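Please open the model in a viewer and keep the sequence panel at hand. The tour below proceeds by selection, one stop after another.

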Amino acid sequence: MLEPIGLDKRDEAVYDALIRRTRATAAELAADCGLTPGAAGRVLRSLVGLGLASAGQGRPVSYTAVPPDSALEAVLREREQALNGVRAHVSALMSLYRAGSRFAHPGDLVEVVSGREEVNRNWVQMQRASRTQVRGFDCPPYAAAAGHSEPNPVELELLARGVKYRVLYDSSVLELPGWLEDVAIGIRLGEQARIATGLPGKLAICDDRVAMLPLLRPGDDTVTASYVIHPSPLLDALVALFETVWERSVQIRPSTPPADVDPPERLSPEEEKLLTLLASGATDKAAGRALGWSERTVQRHITKLLRRFGAQTRFQLAMEATRRGWI
């Protein structure tokens with residue numbers, strides 16, 4: 001139990017024996033713990049150094065346990081101060097690393113990870129090392145049996161820990177049945193999701209520290225190799241690319257209409273999904289697949305919404321929904 005403050009099992013055994021006796025010699029504690037007197041004496045001197053025990057003046061030396069509440073609390077405070085110092089040093093080292101890496105050999109800035117298991121392992125490690133945010137492009141192809149992106153268990157864990165996720169989905173995902181339901185799981189837990197048209201491919205950026213760019217060849221249905229990009233002008237360019245596309249994309253909101261909207265004007269969850277799809281550039285066919293409707297049903301709902309809000313075109317309809325804060 002006391003290993004985190006620097007005591008191994010033997011140290012802890014001697015300390016526990018001293019606590020029970022309150023006052024004892026090295027020989028007495030050695031007998032209690034099955035140690036030689038010399039080994040017990042070395043442990044006791046270590047405990048004195050940590051402030052967990054005090055040594056008397058007589059011969060043989062008697063050791064007295066310091067009350068554990070005050071003694072252990074003092075050790076914990078000392079360890080916390082040391083850890084804070086390490087954190088500050090890590091930050092300083094990272095500043096030096098970022099500066100130095102920009103002048104490193106180009107081959108050190110980009111590495112290739114091969115093999116599906118190795119790619120997945122690196123992706124998990126990258127996420128778990130993130131302290132503030134994870135950003136990414138998400139688009140087909142997907143290896144999942146369902147044919148679409150599935151909830152990322154690491155993302156759900158980190159969202160609960162306070163790490164921000166911003167994900168841009170390519171509009172081609174709108175052709176995949178069940179996609180909206182899967183994305184809604186992450187959104188409910190805090191994921192910020194948007195849709196854009198023509199994403200160049202998959203991309204993941206963890207903080208501003210490292211990025212992963214999957215290498216997909218024509219005909220591939222799963223990622224078996226990826227580029228890992230370390231701090232460099234290339235990483236800066238990928239971050240800038242993400243932010244530029246993010247600003248021009250369409251936000252996906254949970255299907256919850258604003259509370260101050262009059263009941264007759266409120267959108268149903270299906271209508272809100274439909275407007276989000278239209279704003280992202282989805283065709284009637286794509287919207288129908290995403291919603292499980294026929295093209296004719298999609299057209300009927302669009303006509304109904306156009307009349308309801310006095311819009312002349314689908315674009316006007318999407319703009320009006322955006323203005324009202326519904327998508």
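Is A282 buried or exposed? Select this residue first; the model is a predicted one. A282 has a relative accessible area of 11%, and a residue counts as buried under 20%, so A282 is buried. Its place is the loop that runs between helix 10 (269-279) and helix 11 (284-291). Now display the surroundings of A282: setting aside residues up to four places away in sequence, A282 touches L174, L277 and A287. Add S172 to the selection as well. A282 and S172 are 110 residues apart along the chain, yet their C-alpha atoms are separated by 8.3 Å.

**The whole chain**

Zoom out and colour by secondary structure. The protein comes to 13 helices and 11 strands. Of its 327 residues, 40% are buried. Among contacts with a separation of 6 or more, 68% are accounted for by residues 24 or more positions apart.

**The sheet**

Next, show the strands alone. Which order do the strands of the open eight-stranded sheet follow? The order is 4-10-9-8-5-6-7-11, and the pairing is mixed. Select residues 110-114 and then 250-252: these are strand 4 and strand 11, which stand at the edges. Each has a single partner strand, so one side of each is left without a neighbour in the sheet. Viewed across the strands, the twist averages 20 degrees from one strand to the next.

Within this sheet, select strand 6 (residues 164-170) together with strand 7 (residues 192-196). The two strands run parallel and are joined by five bridges. For one position along this pair, pick D170, which stands opposite A196 in strand 7.

**S249, beside strand 11**

Keep A196 displayed and add S249. S249 lies in the loop that links helix 9 (233-247) to strand 11. What is S249 in contact with, once its neighbours within four places in sequence are left aside? The partners are L168, R194, I195 and A196. S249 is buried, as its relative accessible area is 14%. Its side chain also reaches the backbone oxygen of W246, at 2.6 Å.

**The turn at D207 and the cysteines**

Move to the loop between strand 8 (203-206) and strand 9 (210-214), where D207 is located. D207 is not a glycine, yet has a positive phi of about 50 degrees. With 13% relative accessibility, D207 counts as buried.

Select C206, the residue at the end of strand 8 (203-206), and then C139. C206 counts as buried at 0% relative accessibility, and C139 is likewise buried, with a relative accessible area of 7%. How many disulfides does the model contain? The count comes to zero.

**G162, on the way into strand 6**

Select G162, in the loop between helix 7 (153-161) and strand 6. In contrast to the buried stops above, G162 is exposed, with a relative accessible area of 57%. Add Q133 to the view: G162 and Q133 lie 29 residues apart in sequence and 8.8 Å apart in space, C-alpha to C-alpha.

**The N-terminal region**

Go next to T22, found in the loop between helix 1 (9-21) and strand 1 (23-25). T22 is another residue that is not a glycine but has a positive phi, here of about 75 degrees. At 45% relative accessibility, T22 counts as partly exposed.

Step along to T25, which is part of strand 1. T25 counts as buried, with 13% relative accessibility. Not counting residues up to four places away in sequence, T25 touches P60, V61 and S62.

For the last selection, take helix 2 (residues 26-33) and helix 3 (residues 37-50). How do the axes of helix 2 and helix 3 cross? They come within 8 Å of each other and cross at roughly 110 degrees, which makes helix 2 roughly perpendicular to helix 3. Show the side chains where the two meet: A26, L29 and A30 belong to helix 2, and they meet P37, A40, G41 and L44 of helix 3.

Technical notes:
Residues are numbered from 1 along each chain as its sequence is written. This is a predicted model: local features need pLDDT of at least 70, side-chain atom pairs count only at pLDDT 80 or more; totals for chains, interfaces and linings use all residues. Side-chain values use heavy atoms; hydrogens and water are left out. Two strands pair if DSSP finds at least two bridges between them. Helices (H or I, at least four residues) and strands (E, at least two) are DSSP runs, numbered from the N terminus. Axes are lines fitted to C-alpha atoms, for helices over the stretch in contact, and angles run from 0 to 180 degrees between N-to-C directions. Buried means under 20% relative accessible area, exposed over 50%, partly exposed in between (1.4 Å probe, protein chains only). A polar contact is a pair of N or O atoms within 3.5 Å; within protein, one must be able to donate a hydrogen and the other to accept it, and residues adjacent in sequence count only if both atoms are side-chain atoms. Contact means heavy atoms within 4.5 Å. A disulfide is a pair of cysteine sulfur atoms within 2.5 Å. Angles under 35 degrees count as roughly parallel, over 145 as roughly antiparallel, 65 to 115 as roughly perpendicular and the rest as oblique.
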